Amino acid sequence: MSPARDMRKGSTTVLILSLVAERPMYGYQIAKELERRSEGYFDFKEGTLYPALHRMEKEGLLRGEWQVVAEGPSRKYYHITEKGKRALVDVAAEWTTFSRKILAILENVQGVKPGTM
Amino acid sequence: MTQIQTYLRELRRHLSVDAITEDEILREVHSHLEESATALQAEGFNVQESQRLAIKRFGDVREVARLMRRVHSSSVNEAILASYLPVALTLSFKWIILPLLASMGHWQGNPTPIIFGALAILALLVPGLTMHRWRYGYAAWAFFSVIAIAEIGT
């Protein structure tokens with residue numbers, strides 16, 4: 001697994017929580033929003049989103065609710081719970097600190113030229 | 001049979017989760033694939049191509065099933081364990097606690113029907129009151145509840 005893919009995988013929970021915190025969404029909508037907002041960076045297989053959603057629902061971070069749609073199959077909308085909101089705040093703070101620290105360390109990387117001593 | 005239906009059939013074959021969860025997963029995946037294919041058709045793909053592409057974007061059916069199994073297998077185990085509660089509680093009262101009370105001389109007469117009736121009903125409620133998403137074990141719960149009720153009368 002590439003480092004980028006590894007990092008994306010680790011960020012699934014916080015990304016889903018942050019989207020669903022804005023408004024209840026269903027799986028396809030979440031996949032498309034992630035793709036759109038990341039400008040295609042999060043090009044994961046859409047099917048891997050559902051195990052993550054179900055895991056978060058089981059952990060009590062999300063609450064699923066089926067809604068009948070006039071045309072086509074019904075959709076399961078995911079709502080963020082109070083526990084999910086608290087987790088989002090915590091995880092977002094963790095990610096902010098993490099990325100700040102990494103950036104501080106990587107500050108001088110631009111000056112590094114491969115092949116030179 | 002459409003490509004989406006074939007994909008769903010394969011997914012069902014590999015899921016190995018309880019019937020209610022399986023139904024929900026298939027409904028959710030079906031909804032996703034249909035909407036994805038419809039969007040692709042709007043972009044100009046024909047029906048066959050749009051379904052093929054929607055499935056490709058969704059991912060390998062075995063991998064999706066494997067990840068789903070991993071999420072839901074613990075629920076099934078928890079629920080089956082919880083299903084043992086009615087019979088475990090009923091039998092422990094019948095075979096251990098009440099004989100113990102009787103041997104200590106605190107118990108008179110034959111309290112079986114009323115006491116076991118009340119205890120069994122309480123025990124039957126335990127999974128529902130304590131287990132989150134206990135629906136995973138409906139079948140096992142019903143089975144052990146019947147055993148517990150049968151024990152009341154013996």
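These exercises work through helices, packing and a chain contact in a predicted model.

Local features here need pLDDT of at least 70, side-chain atom pairs count only at pLDDT 80 or more, and totals for chains, interfaces and linings use all residues. Residues are numbered from 1 along each chain as its sequence is written, while chains are lettered from A and ligands numbered from 1 in the order written.

**Exercise 1. Describe the fold of chain A.**

Step 1. Take the elements from DSSP runs: helices are H or I of at least four residues, strands are E of at least two, and numbering starts at the N terminus. Chain A has five helices and three strands.

Step 2. Read along the sequence. The pattern is α-α-β-α-α-β-β-α.

Step 3. Apply the burial cut-offs. A residue is buried if 20 or more other C-beta atoms lie within 10 Å of its own, exposed if 12 or fewer, and partly exposed in between; C-beta atoms are placed from the backbone. Of the 117 residues in chain A, 23% are buried.

Step 4. Look at contacts, meaning residue pairs whose C-beta atoms, placed from the backbone, lie within 7 Å. Take those in chain A between residues at least 6 apart in sequence: 47% join residues at least 24 apart.

**Exercise 2. Describe how H3(A) packs on H4(A).**

Step 1. Choose the descriptors. Two packed helices are described by the angle between their axes and the distance between the axes. Axes are lines fitted to C-alpha atoms, for helices over the stretch in contact, and angles run from 0 to 180 degrees between N-to-C directions.

Step 2. Apply them. The axes of H3 (27-37) and H4 (49-58) of chain A come within 10 Å and cross at roughly 115°.

Step 3. List the partners. A:Gly27, A:Ile30 and A:Ala31 of H3(A) meet A:Leu49, A:Tyr50 and A:Leu53 of H4(A).

Step 4. Sort them by type. Ala, Val, Leu, Ile, Met, Phe, Trp, Tyr, Cys and Pro count as nonpolar, Asp, Glu, Lys and Arg as charged, and the others, Gly among them, as polar. The contact of H3(A) with H4(A) has five nonpolar residues, one polar and no charged.

**Exercise 3. Find the two sides of H1(B) and H3(B).**

Step 1. Check the length of H1(B). The expected span is 1.5 Å times one less than the number of residues. For the 13 residues of H1(B) that gives 18 Å, and the end C-alpha atoms are 18 Å apart, which agrees.

Step 2. Find its buried residues: B:Ile4, B:Tyr7, B:Leu8 and B:Leu11. They lie on the same side of H1(B), because their arc around the axis is only 100°. The arc is that of the directions from the helix axis to the C-beta atoms. On the other side, B:Gln5, B:Arg9 and B:Arg13 are exposed.

Step 3. Repeat for H3(B). Buried here are B:Ser50, B:Gln51, B:Ala54, B:Ile55 and B:Phe58. Their arc of only 130° puts them on the same side of H3(B). B:Gln48 and B:Lys56 are exposed on the other side.

Step 4. Name the packing partners. The buried residues of H3(B) pack against H1 (3-15) and H2 (19-42) of chain B.

**Exercise 4. Break down the contact between the chains.**

Step 1. Count residues. Chain B gives 20 and chain A gives 16.

Step 2. Assign the chain B side. H2, H3 and H4 (61-103) of chain B each supply at least two residues. H2(B) has the largest share, nine residues.

Step 3. Sort by type. The chain B side divides into six nonpolar, seven polar and seven charged residues.

Technical notes: Two residues are in contact if their C-beta atoms, placed from the backbone, lie within 7 Å.
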